[in-house]
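Colleague: I'm new to reading models like this one, and I'd love a close look at a single part. Could you take me through chain B, and then show me a few spots that catch the eye?

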Amino acid sequence: MKKSLALLLALAMVLALAACSNTTTPSGGGSATPAPQTAAPQGGGEKVTLNVIISQYGNYTQDWWPTFEKDFEDTYSNIDLNVEIVSWNDLYTVVSTRISTNQAPDILNIDTFADYVADDLLVPAEEYTSAELKAKLIPSFWTANELDGTVWALPILASCRALFCNMDLLNEAGITAPPKTWDEVDAACKAVLDTFNGSIVPWGLDISGDEGQAAFAYYTWNNGGGFVDADGNWALNSAENVEAMNYIKSLIDNGYCNANPYTDTRYPLQDAFNAGSQAMMIGACNMMSADSEVNYVVADLPTQTGTPVAMGVCDRLMVFDSSVTASKNADEAARLDAVSKFFDFFYDTNRYSEYMVYEGFLPVTTDSSELLAKSADQFSVGGTGAPGDNEYFANFSSILLSCDFYPSSRAEWIDVKQGVIDAEQRICQGEDAQTVLDALQAQIAG
Amino acid sequence: MSQKQKQPSTREMKQRLKRAEPYVWMLPSILLMCAMIVVPIITVFRLSMSEISRANRVKGFNGLENFKDVIASPTFWNTLRNTLIWTVAVVGFSTLIGFVLAMVLNQNFRGRKVVRALVIFPWATSLIIQAVIWKYIINADYGALNVLLSKLGLIDHFVNWTATAGAFFAWECWVGIFVTVPFVTFCVLSGLQSIDTTYYEAAAVDGASFWRKLFNITLPLVRPSLTVSTVLNIIYVFNSFPIIWTISKGDPADKTHTLVTYLYKLSFTLGKSGQAAAVSVIGFIILAVCAGIYMMISLRGEEAD
């Protein structure tokens, strides 16, 4: 009797295992939380499902979107919106796994899109962007998403980088103004090092795998070099770039920066600056925490050319082709109409302005830029609930218009990005800058 | 007549069922193994011979192209060398330290239980937490090690403990050893506790030295425990991901990768899933060869017994 019962239990377990197996056959490796499985409505006039992945920009991103989701569904009762917040640490893994298993979201918020275009996975932006929305997007942000004559994504938000200086520390070290050139940076770093006997890090440097390409941009752009030449061709091994790389190395060799720029990402550096244990760093416009007591000023990036070049960063929203999405909507026209409604709803002047203040990023639409420059204080910052700072938005939004951006709409960008990080690290570990950059140029440009 | 015909067939059925019974019992495990082990292995082999786009779409069969690309990269060979150093250093040193610790913990002394609990502590803590803690300890700008040494007056300025890739990797090996020692210690300790004390008493009567007792009684009798811990450690350590990824992510300049962190970077940072699968297959083959050698040795040992 006991044996029969045990046998029965074993069989039940086998059946349960069989029942647990997924009905879809994955075609790629990796594992991630599966996309929300949604029943596909058959026939016209039925509910359209939109799955959206939003990147986590701060500690409170996940608190803002549920209200958006509810408001949107209240307004459009025939659209079932599922917003999922994914951290930047997991974003690439999650998206890559979803795409390989045809479980991609309908709308994705990420930084690059060229790889998806190469595989015909995206819908051109003209197909879902309303005329009103297109008219209010800042033109340079619209064209920044162009590849082979087609715009493939919409900008979601932007930030720009500037030099942050702890003036209390600099003044104590005898430096009265933020450095404007590399020589002045060296002088300020030496003064801080000597004054505080090594207990204060003079200069925050991040050449880690996280955002080492940003350091490449800060120093090469402000030495007359950069990723591409005036004709738009890759020019990674220019004399200006070699000089800039050697300058980064000198910061490390002289002990002017944090001890481990290879692994220190911008986050511990920001923490150190906010805590007052680091005198200077180049950081994002929203890097200061609300509770920091540091007396700081924001200045132009130090330059060797006389004209400082600021760096802008812009993330995107893109729409996946229905052949790879998890939502499996039967009616493609209805899906694109829902997508269009989503964007119009999101970029609504008040709602979008509220989100920008909430996250501390800069708007990419003209109407929100104007509104926030005058009255950002009517919205509150995520987490603290403090009112937005009008001056912050007025200043940085105007700087943003003159910023340079990564050439990230190019198909080679991922290789270039990883290549310059690798090159920086090799050079700072003692390899010859010209040789390393020549090899990278040959690899990228052929 | 009909009853006579029916009886043997029922018996036969019962016998058949009895013969099938073990397989029915094993079926859940076999299905589980197929789903969790065999299918992923076959998938990785298939992916290693496929062209995969950066957006992770399989484009078709491309033979050994991924393997050729991997082998042509100097980073792969440096990574392979690192993996061997990492495995040998971590398994070797943790076995040595674990063995000595087990010998100490096998003695009767006051507070033995407390020490045993302390030894198991690193093992009971998650690897990622351990790695993060060690990353903060050795940080040159605000790390606990520098603060401690300077408060003790042993250094007058903060030392950069990870100035080079080699130094980074050495620290990672140390963290690997630190978290592996408890496992070896407790494996060996279980072996030591099963040794009959009369062997030592008899040896003491015969005037055997400490070393004689160690090599002629202790080591032969804990050999099975040591073998198990070493084989398991080789597999665990070879495939270990969290320590290196948390502390250095393979940087500076990809010089501190092991095969597992390298294939992760290839797949999820560089978008080269085909090459990542090829590295995975190479790692699998290396471990399969090691496991095969172990099986042969242990089977021979059984035959000899």
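**A walk through chain B**

Modeller: Sure! Let's begin at one particular residue: B:Pro252 sits in the loop of chain B that runs between helix 10 (242–247) and helix 11 (259–268). Keep in mind that this is a predicted model. What kind of peptide bond joins B:Asp251 and B:Pro252? That bond is cis, with omega at about 0 degrees.

Now zoom out to the whole chain. Chain B is built with 12 helices and 2 strands. If you start at the N terminus and walk along, the order of elements is α-β-β-α-α-α-α-α-α-α-α-α-α-α. So what does the radius of gyration say about chain B? The value is 26 Å, while the globule rule gives 19 Å for 305 residues, so chain B is more spread out than a compact globule. You can picture that with a box: taken along the principal axes, the C-alpha atoms of chain B fill roughly 105 × 75 × 30 Å.

The domains are worth a look here too. In chain B, the domain assignment gives domain 1 (2–48) and domain 2 (66–304). Their C-alpha centres lie 39 Å apart. How many residues do they bring into contact with each other? Domain 1 of chain B puts in 5 residues, and domain 2 of chain B puts in 8 residues.

What about the inside and the outside? Out of the 305 residues in chain B, 39% count as buried. On the outside, chain B exposes about 17800 Å², and 68% of that is supplied by carbon and sulfur atoms. Chain B also carries 27 positive and 16 negative charges, and the mean positions of the two groups are 9 Å apart. As for how the chain meets itself, take the contacts in chain B between residues at least 6 apart in sequence: 64% of these join residues at least 24 apart.

Let's zoom back in, this time on B:Thr75. This residue belongs to helix 3 (residues 74–105) of chain B. Is B:Thr75 buried or exposed? B:Thr75 counts as buried because its relative accessibility is 13%, and the cut-off for buried is under 20%. Which residues does B:Thr75 touch, once you set aside its neighbours within four places in sequence? The contacts are A:Arg426, B:Asp254 and B:Tyr262, and A:Arg426 takes us over to chain A.

Chain A has a domain split as well: domain 1 (48–158 + 314–397) and domain 2 (160–312 + 404–445). The centres of these two, taken over C-alpha atoms, are separated by 30 Å. Their contact takes 18 residues from domain 1 of chain A and 15 residues from domain 2 of chain A.

Finally, here are two asparagines in chain A to click on. A:Asn102 has a positive phi of about 55 degrees although it is not a glycine. You'll find A:Asn102 in the loop between helix 3 (88–100) and strand 3 (107–110) of chain A, and with a relative accessible area of 29% this residue is partly exposed. A:Asn197 also has a positive phi, near 50 degrees, and is not a glycine either. Look for A:Asn197 in the loop between helix 8 (182–196) and strand 7 (201–204) of chain A. A:Asn197 is exposed, with a relative accessible area of 66%.

Terms used: Residues numbered from 1 in each chain as written. Chains lettered and ligands numbered in written order. Predicted model: local features only at pLDDT ≥ 70, side-chain atom pairs only at ≥ 80, totals over all residues. Heavy atoms only, no water. Helix = DSSP H or I, 4+ residues; strand = E, 2+ residues; numbered from the N terminus. Buried < 20%, exposed > 50% of the residue type's maximum accessible area, 1.4 Å probe, protein only. Rg over C-alpha atoms; globule rule 2.2 N^0.38 Å. Contact = heavy atoms within 4.5 Å. Areas by Shrake-Rupley, 256 points an atom, 1.4 Å probe, with all protein chains shown as cover. Lys, Arg positive; Asp, Glu negative; His and termini not counted. Charge placed at Lys NZ, Arg CZ, Asp CG, Glu CD. Domains from an automatic or database assignment.
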